[in-house]
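Good morning, everyone, and thank you for making the time. Please have the sequence and the structure open while I talk, so that you can follow each element as I name it.

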Amino acid sequence: MSTDKKISIDIQNVTKRFGAFTALNGVSLDIRDNEFFTLLGPSGCGKTTLLRLIAGFEEVTDGAIHLYGQNIADLLPNERPINTVFQQYALFPHMNVTDNVMFGLLRLGQDTSKAKARVLEVLELVRLSDFADRMPGQLSGGQQQRVALARALAPSPKVLLLDEPLSALDLKLRQAVRLELQQIQVQTGITFIFVTHDQEEALTMSDRIAVLEGGRVQQVGSAREIYEAPENKFVADFIGETNLIDVTVSNVEKGKGSCVLPGGAQIICSAAEGALVGSGHLSLRPERIKITASGKGMLEGKAVRHIYLGTDLHIEVSLTSGSHVTVRMQNSTQIKIPNVGQSVGLDFEASSARLLVD
């Protein structure tokens, strides 16, 4: 995505306190116009609180939020050109799909004939034109989710907030709806701000991701940037799977770190900003490691466990230093799997490793 797009939401040093508890601490983010932006983090990290501040359901304690340059602190939720799709879809059970979607338009004072025309447009967008007369109780979970999305899209908001809207769906349905949401965002050109704790959802759908923990932003970037170049141990461990390997850092210069691995091998790899000389941690993704003959690798150990995952196979290796490393390989009849208890070497390219900040 081009970085010259105008800013949709400008969050400036926002803090939110609930009594003595600080839910958000000095959060600053620029969310671009027409962007699919995801707030990702574990439960309690502050992502839903931030969404509620943008929507106007909570008041900012300190800092400011601007929508297309306008400070929205004094605007009530219904005065903001923002709509929200919640985890619970909250459809009116006594209204059919058309009336559910049209309800908000009529509340805004839109003419009935125009409202009906707009409902037809958004139902086609979410592929529910044939379900216009159905009642919510006659719909599947995925269809109800799309009705809630259509209702939120109907007034043509500038920003759409989505608070874990897929969490109630089963895995197969979630995967299908992810693609639909992504396509709808592109078609409408509306800024989507999506909240999730699911790393796979964030990686597959987002233009950019903000990783939150403890009420603070840990890192912002594209899915590839976050995965390939995590800034600290939390981000590396939370996004996907990684091995955190203790190393001794002899030098850090110009984004590169010189590291001594357990067993004495030395590598030069990329280093996160703020990485220091001394004891450190290396992030190494399981799929970037190859098992080789004992004595031939950068690391040495013994295979202690096989984990069968269908398409993939995980091999857990106990290093001679005492720590454990997971190797991920694609399941194939062509691969040679080490026996449990067998001594192995582990090899990887230095460019696959990342020196982290604690």
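I will begin with the chain as a whole, then take the two sheets, the helices, and finally one residue in a loop.

A word of caution before anything else: what you are looking at is a predicted model. The chain carries 8 helices and 20 strands, and its C-alpha atoms fill a box of roughly 75 × 50 × 40 Å when the principal axes are used as the frame. Of the 358 residues in the chain, 46% are buried. If we take the contacts between residues at least 6 apart in sequence, 66% of them join residues that are at least 24 apart.

Let me turn to the mixed sheet. This is an open sheet of 6 strands, which come in the order 6-7-8-3-9-10, and the pairing is mixed. Which strands stand at the edges? They are strand 6, residues 82–85, and strand 10, residues 216–221; each has a single partner strand, so one side of each is left without a neighbour in the sheet. On average, and with direction ignored, neighbouring strands of this sheet are turned by 20° against each other.

Within that sheet I would like to dwell on strand 8, residues 191–196, which runs parallel to strand 3, residues 36–40, and is joined to strand 3 by 5 bridges. Two of the residue pairs can be picked out by eye: Thr-38 stands opposite Phe-194, and Leu-39 has Val-195 as its bridge partner. Strand 7 is also joined to strand 8 by 5 bridges, again with the two strands running parallel, and there Leu-162 stands opposite Phe-194. Phe-194 therefore faces Thr-38 in strand 3 and Leu-162 in strand 7, if you read the pairings together with the general point that strands of a sheet pair through backbone hydrogen bonds, either parallel or antiparallel.How well covered is strand 8, in terms of buried residues? The answer is that 6 of its 6 residues are buried. In a regular strand the side chains alternate between the two faces of the sheet. In strand 8, Thr-191, Ile-193 and Val-195 point one way, while Phe-192, Phe-194 and Thr-196 point the other way, and all of them are buried.

Helix 4 brings us from this sheet to the helices, since helix 4 lies across strand 6, strand 7 and strand 8, running at about 175° to strand 6. Two packed helices are described by the angle between their axes and the distance between the axes. For helix 2, residues 97–107, and helix 4, residues 141–153, the angle is about 30° and the axes are 7 Å apart. That makes helix 2 roughly parallel to helix 4, and the crossing of the two is right-handed. On the helix 2 side, the residues that meet helix 4 are Val-97, Asn-100 and Val-101, and their counterparts in helix 4 are Val-147, Ala-150 and Arg-151. Sorted by class, this contact has 4 nonpolar, 1 polar and 1 charged residues.

Helix 1, residues 47–55, holds Thr-49. This helix is mostly covered, with 7 of its 9 residues buried, namely Lys-47, Thr-49, Leu-50, Leu-51, Leu-53, Ile-54 and Ala-55. Is Thr-49 buried or exposed? Thr-49 counts as buried because its relative accessible area is 16%, against a cut-off of under 20%. Leaving aside residues up to four places away in sequence, Thr-49 touches Lys-16, Phe-18, Ala-23 and Leu-24. Just after helix 1 comes Gly-56, which takes a positive phi of about 95°.

The other sheet I want to show is an open one of 5 strands, in the order 15-19-16-17-18, and its pairing is antiparallel. Its edge strands are strand 15, residues 290–293, and strand 18, residues 324–330, each of which pairs on one side only. From one strand to the next, the twist averages 50°. Strand 17, residues 312–319, is joined to strand 18 by 7 bridges, with the two running antiparallel, and His-314 has Arg-328 in strand 18 as its bridge partner.

Last comes the loop residue, Val-277, which is found between strand 13, residues 266–271, and strand 14, residues 278–284. Val-277 is exposed, with a relative accessible area of 54%. Which residues does Val-277 touch, not counting those up to four places away in sequence? They are Val-249, Ser-250, Asn-251 and Val-252. As for Arg-32, which lies 245 residues apart from Val-277 along the chain, the two C-alpha atoms are separated by 37 Å.

That is the end of my tour, and I am glad to go back to any of these elements on the screen.

Methods
Residues are numbered from 1 along each chain as its sequence is written. This is a predicted model: local features need pLDDT of at least 70, side-chain atom pairs count only at pLDDT 80 or more; totals for chains, interfaces and linings use all residues. Side-chain values use heavy atoms; hydrogens and water are left out. Axes are lines fitted to C-alpha atoms, for helices over the stretch in contact, and angles run from 0 to 180 degrees between N-to-C directions. Helices (H or I, at least four residues) and strands (E, at least two) are DSSP runs, numbered from the N terminus. Angles under 35 degrees count as roughly parallel, over 145 as roughly antiparallel, 65 to 115 as roughly perpendicular and the rest as oblique. A crossing is left-handed if the near helix is turned anticlockwise from the far one by less than a right angle, and right-handed if clockwise. Contact means heavy atoms within 4.5 Å. Ala, Val, Leu, Ile, Met, Phe, Trp, Tyr, Cys and Pro count as nonpolar, Asp, Glu, Lys and Arg as charged, and the others, Gly among them, as polar. Buried means under 20% relative accessible area, exposed over 50%, partly exposed in between (1.4 Å probe, protein chains only). Two strands pair if DSSP finds at least two bridges between them.
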